[in-house]
Amino acid sequence: MPARPIFAFLSLILIAGACVLIFLVLLAGAVNSNPVNTIYFLQADTSGISGAPAQSRWTLWNICSVGSSGADVCPKASPAYPFDPQSNFGTTKGVPASFQGTNMFYYLTRFMFAFVLISLFFAVCSLFLGLFALCSRIGSFLSSTTCAVALFFQTIVAALMTAAYVIGRNNFNANGQTATIGEYAFAFIWAAMVCLFLATVFFCVAGVTSRKDKTSTGKTGGRFSRRKTTKERGSFLDTESQRPVNKEYT
């Protein structure tokens, strides 16, 4: 069995998994239902900040409070919602000083939202193009290209997310406010990046393997043909030599 369909199929499974993971993170905060109402990037004790809930969870769409069941209770969604406590709550009272006087967290998380959408777009494109990779070497290389683009933007998303929320957690903890990283959001973002990386590699392997199989088949056929031609030529010469010679008598 040719190796190309196997590697292409594995790539499709990985890309589909990456798309699902990105979708789950993207829906967190916008949908108040399982399983996405337990996905968030950062949870912090904001009881000392006026106008803030006792526990706040940041998502891509809003700040959610924590319900009695431990799930998110989120207000109206706002796209590209930044992680910037002083602007989120409209006050600096109770906000760690490390967040004040800087726009770093604001821009990190705003750009992250845009890159999540771009990464998801190219991942979905690669998923559909990957269907052609099952039967075409060109399809394998096209899919690997779009998947590599999705991987590029997903890597940026992971880097921005880690920088913004890990530093943010440290700032809250340093100020005596307990803060923790959202395990699901971080795991899903990094896992999606790994899936896209493996899918890109497998698509490339599928394309290269297909070319090698084709070349190997061509060489095998050529040797067989040359042997067959030489054998037929020898048989023809043997037949000619065995024919009786007609002598003409004058």
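A crossing of two helices is left-handed if the near helix is turned anticlockwise from the far one by less than a right angle, and right-handed if clockwise. The exercises below use this definition and others, each given where it is needed.

The model is predicted: local features need pLDDT of at least 70, side-chain atom pairs count only at pLDDT 80 or more, and totals for chains, interfaces and linings use all residues. Residues are numbered from 1 along each chain as its sequence is written, and side-chain values use heavy atoms, with hydrogens and water left out.

**Exercise 1. State how many helices and strands the protein has, and in what order they run.**

Step 1. Helices (H or I, at least four residues) and strands (E, at least two) are DSSP runs, numbered from the N terminus. The protein has five of each kind, helices and strands.

Step 2. Read from the N terminus, the order of the elements is α-β-β-β-β-α-α-α-β-α.

Step 3. Buried means under 20% relative accessible area, exposed over 50%, and partly exposed in between (1.4 Å probe, protein chains only). Of the 250 residues in the protein, 41% are buried.

**Exercise 2. Describe the packing of helix H1 against helix H3.**

Step 1. Axes are lines fitted to C-alpha atoms, for helices over the stretch in contact, and angles run from 0 to 180 degrees between N-to-C directions. H1 covers residues 3-27 and H3 residues 104-133; their axes come within 9 Å and cross at roughly 155°.

Step 2. Angles under 35 degrees count as roughly parallel, over 145 as roughly antiparallel, 65 to 115 as roughly perpendicular and the rest as oblique. H1 is therefore roughly antiparallel to H3.

Step 3. The crossing of H1 and H3 is left-handed.

Step 4. Contact means heavy atoms within 4.5 Å. On H1 the contact residues include Leu12, Ile15 and Phe23, and on H3 they include Phe113, Leu120 and Leu127.

Step 5. Ala, Val, Leu, Ile, Met, Phe, Trp, Tyr, Cys and Pro count as nonpolar, Asp, Glu, Lys and Arg as charged, and the others, Gly among them, as polar. By this scheme the contact of H1 with H3 holds 17 nonpolar residues, three polar and one charged.

**Exercise 3. Describe the packing of H3 against H4 in the same terms.**

Step 1. The axes of H3 and H4 are 7 Å apart, and the helices pack at an angle of about 155°. H3 is therefore roughly antiparallel to H4.

Step 2. H3 passes H4 in a left-handed crossing. The residues of this contact comprise 26 nonpolar, eleven polar and no charged.

**Exercise 4. Trace the sheet from one edge to the other and identify bridge partners.**

Step 1. Strands of a sheet pair through backbone hydrogen bonds, either parallel or antiparallel. Here two strands pair if DSSP finds at least two bridges between them.

Step 2. The sheet is open, has five strands in the order E4-E3-E2-E1-E5, and its pairing is antiparallel. E4 and E5 (179-181) are the edge strands, each pairing on one side only.

Step 3. H4 (residues 137-174) packs on this sheet, touching E1 (42-45), E2 and E5, and its direction makes about 160° with that of E5.

Step 4. Two bridges join E3 to E4 (residues 72-73). Ser65 has Val73 as its bridge partner in E4, while Val66 stands opposite Asp72.

Step 5. E2 (residues 55-58) and E3 (residues 63-66) pair over three bridges, forming a hairpin with four residues between the strands. In E3, Ile63 is the bridge partner of Trp58, and Cys64 is that of Arg57.

Step 6. E1 and E2 are joined by four bridges. Leu42 has Trp58 as its partner in E2, so Trp58 is listed with partners in E1 and in E3.

**Exercise 5. Locate the cis peptide bond and the non-glycine residue with positive phi.**

Step 1. Most residues other than glycine have a negative phi, and most peptide bonds are trans.

Step 2. The peptide bond from Asn34 to Pro35 is cis, with omega near 0°. Pro35 is in the loop between H1 and E1.

Step 3. Ala80 is not a glycine, yet has a positive phi of about 60°. Ala80 lies in the loop between E4 and H2 (85-89), and counts as buried because its relative accessibility is 13%.
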